[in-house]
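Here is a short report for a first look at a protein model. Please keep the sequence and the 3D view at hand.

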Amino acid sequence: MILTAMNIKTIKANKATKGYWSNGRFVKPEEIAAEEVGPPSKTQLKAEADEKQALGEALLSLRADLMARLDLPAKLLDAIAEAKRITHFEGRRRQLQFIGKLMRPLDAAPIREAIAEQQGGSAQLTLTLHLAEQWRDQLIGSDEALGRWLTEHPDTDSQQLRALIRQARKDAKADKPESAGEAPRHGKPYREIFQMVKQALGQQNEEPQEPDA
């Protein structure tokens, strides 16, 4: 930037003021703050939606007394009850997505506290566990989820993950339960995807175990 007499005068006037120069113009602190405060980004919205869906999944195993304390909407309670009855992989995945949508307008803090109370303070581990389960199901269910995962976690061994997903999909097709109440059995690739995702979500120093499928 070429310093003119006006520029120099303005710099002196703003000598004690924090800010920065941009395109020949001095940006003041209040303007910086205004720039920083804005609508949430798509990444932030997606992260919030993922957390709400994981919390919704955690509600499936929450004690009745803690659930009653939350005073959740009747529509959400009905959706949770329905999810508990579904054993089919794809049907359960869709139901959990629906629960996640119903969770979005709710305040997450009381739900986290209820989960923490039930888990003896390990709410973060529980939430990460459910997030890992959610990602695993999404990765097996759609290629779009794989693209999102690799964008958010570029250090992932994409070749290994793709191979595990392909095998998990083959296993799911080969082992479709015929009886309504029969839960599907999951093989090694299914469990390895969970472990891979869990580690990427920052649980390398903690070892929560995957609940029985």
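The report goes from the whole chain to one helix and then to an aromatic pair.

This is a predicted model, where local features need pLDDT of at least 70, side-chain atom pairs count only at pLDDT 80 or more, and totals for chains, interfaces and linings use all residues. Residues are numbered from 1 along each chain as its sequence is written, and side-chain values use heavy atoms, without hydrogens and water.

The protein chain holds eleven helices and two strands. Both kinds are DSSP runs, numbered from the N terminus: helices are H or I with at least four residues, strands E with at least two. From the N terminus, the order is α-β-β-α-α-α-α-α-α-α-α-α-α. Of 213 residues, 36% are buried (under 20% relative accessible area, 1.4 Å probe, protein chains only). Among contacts (heavy atoms within 4.5 Å) with a separation of 6 or more, 59% join residues 24 or more positions apart.

Helix H6 covers residues 89-103. Its buried residues include Phe89, Leu96, Ile99 and Met103.

| Helix H6 | Value |
|---|---|
| Length | 15 residues |
| Span, first C-alpha to last | 21 Å |
| Expected span at 1.5 Å a residue | 21 Å |

The expected span is 1.5 Å times one less than the number of residues.

Which rings form an aromatic pair? Rings of Phe, Tyr and Trp (its six-membered ring) pair if their centres lie within 6.5 Å. The count comes to one pair. Tryptophan 135 and tryptophan 149 meet edge-to-face (planes over 60 degrees apart), at 5.0 Å centre to centre and 70° between the planes. Tryptophan 135 lies in helix H8 and tryptophan 149 in helix H9, so the pair ties together parts 14 residues apart in sequence. Both tryptophan 135 and tryptophan 149 are buried.

How values were computed:
Buried means under 20% relative accessible area, exposed over 50%, partly exposed in between (1.4 Å probe, protein chains only). Rings of Phe, Tyr and Trp (its six-membered ring) pair if their centres lie within 6.5 Å; planes under 30 degrees apart count as stacked, over 60 as edge-to-face and the rest as tilted.
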